[in-house]
Amino acid sequence: MRIFSGIQPTGRKHLGNFIGAIVQYVAGQEQEGESIYCVVDLHATTVAYEPGVLRERLYDTTAILIAAGLDPERSILFRQSDVREHSELAWLLSSVTSWGDLNRMHQFKDKAGAQRDLVSAGLFTYPVLMAADVLAYRATTVPVGDDQRQHIELMRDIAARFNARYGDVLVVPEGVYPEVGARIMDLQEPTRKMSTTGGTEEGTVYVLDEPKAIEKKFKRAVTDSGSEIRAGADKPGVTNLLEILAAARGTSVADAETSMAGARGYGDLKGATAEAVVELLTPVRERYEALRADEGELERILGRGAEKASAITADVLTDVRAVMGVGCPPAARR
Ligand code: TRP
């Protein structure tokens with residue numbers, strides 16, 4: 001098994017990202033085989049952005065990942081733009097990508113609709129670069145959020161079409177969709193997913209929030225009528241708090257319910273959940289502060305990751321170029 005995932009360079013990672021994605025990345029290190037994580041700065045250029053801010057956010061994200069337990073010795077952690085083969089493969093794969101399929105991508109339509117001026121061609125071909133990210137490593141397994149399903153299906157189609165046309169050179173990867181994180185809801189609107197773009201500011205808990213801010217957000221969390229502490233479709237607010245409590249403690253929702261049996265009301269549930277989340281995130285925030293302060297060291301880690309990544313992509317690109325008939329034929333190389 002070879003795990004690959006890409007993460008957007010934003011410093012504002014929230015509890016849903018943390019529990020749904022980052023914790024899974026860290027767990028991926030325990031698997032047999034490699035785990036490869038890429039901070040996707042090239043993807044970030046497809047919408048309006050500030051170059052200086054992008055660099056800052058890239059460091060923020062790298063530091064959060066390491067602070068959360070991602071070990072750059074055991075995983076490959078690198079910056080997308082440092083490994084030039086991603087861009088090259090994206091171009092090569094664009095010739096086996098259906099324009100009609102790209103035109104059906106929900107994320108393109110959503111993001112294009114949100115742009116104030118330029119809707120870039122890069123935004124349109126975003127899924128091809130994403131396919132290249134994964135296929136350049138012959139990765140087998142791609143942990144991603146549910147919103148990425150369409151991109152994963154397209155990536156699989158691209159790999160299969162490439163192999164059908166040129167021979168079995170690429171691996172058709174599988175998406176894996178973590179269950180828990182997908183269920184972390186906004187604390188103010190517990191029927192909507194916690195999200196930096198679609199959610200409320202008050203209802204979104206960030207990984208780097210101070211304990212006081214976390215406590216305040218939980219204290220103000222929206223709950224349901226009644227006073228019974230149990231999970232159920234009729235109780236979205238309470239269910240969300242129990243899910244968060246369980247995830248933060250690493251137990252089941254049933255255990256979280258049982259632990260609240262003696263509670264006097266929803267206030268106790270909010271307090272217990274806030275406490276568990278503070279306990280979960282405080283060490284991460286503290287390690288983050290130390291790591292983020294040393295950009296030289298972050299660059300060193302990313303540079304080392306890029307070296308390891310390039311060793312893999314160089315071989316894959318040699319094969320891709322050879323079967324596609326572009327570049328100097330391997331037999332003529334010396
Ligand atoms: N599109 C993904 C997202 O928005 C990020 C991403 C880029 C990615 N390249 C990837 C995820 C490759 C998995 C594999 O979350």
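Tutor: A residue counts as near a molecule if one of its heavy atoms lies within 4 Å of it. Keep in mind that this model is predicted.

Student: Which residues are closest to the ligand?

Tutor: The ligand is surrounded by 13 residues, and Gly 6, Tyr 126, Met 130, Asp 133 and Gln 148 are the closest.

Student: What makes the approach of Tyr 126 to the ligand a polar contact?

Tutor: The cut-off for a pair of N or O atoms is 3.5 Å. A polar side-chain atom of Tyr 126 sits 2.7 Å from a ligand nitrogen atom, so the pair falls within that cut-off. For Asp 133, a side-chain N or O atom is 2.7 Å from a nitrogen atom of the ligand, and for Gln 148 the distance is 3.0 Å.

Student: Tyr 126 is in helix α7. Why is α7 called roughly perpendicular to α8?

Tutor: Helix α7 (residues 121-135) packs against helix α8 (residues 149-166) at about 65°, with the axes 9 Å apart. Roughly perpendicular covers 65 to 115 degrees, so α7 and α8 get that name. Their contact holds 11 nonpolar residues, 1 polar and no charged.

Student: And why are α6 and α7 called roughly antiparallel?

Tutor: Helix α6 (residues 106-114) and α7 pack at an angle of about 155°, their axes 10 Å apart. Angles over 145 degrees count as roughly antiparallel, so the name fits this pair.

Student: Which residues of α6 and α7 meet?

Tutor: Gln 107, Phe 108, Lys 111 and Ala 112 in α6 meet Leu 123, Phe 124 and Tyr 126 in α7. By class, that contact has 5 nonpolar, 1 polar and 1 charged residues.

Note on methods:
Residues are numbered from 1 along each chain as its sequence is written. This is a predicted model: local features need pLDDT of at least 70, side-chain atom pairs count only at pLDDT 80 or more; totals for chains, interfaces and linings use all residues. Side-chain values use heavy atoms; hydrogens and water are left out. Axes are lines fitted to C-alpha atoms, for helices over the stretch in contact, and angles run from 0 to 180 degrees between N-to-C directions. Helices (H or I, at least four residues) and strands (E, at least two) are DSSP runs, numbered from the N terminus. Angles under 35 degrees count as roughly parallel, over 145 as roughly antiparallel, 65 to 115 as roughly perpendicular and the rest as oblique. Contact means heavy atoms within 4.5 Å. Ala, Val, Leu, Ile, Met, Phe, Trp, Tyr, Cys and Pro count as nonpolar, Asp, Glu, Lys and Arg as charged, and the others, Gly among them, as polar. A polar contact is a pair of N or O atoms within 3.5 Å; within protein, one must be able to donate a hydrogen and the other to accept it, and residues adjacent in sequence count only if both atoms are side-chain atoms.
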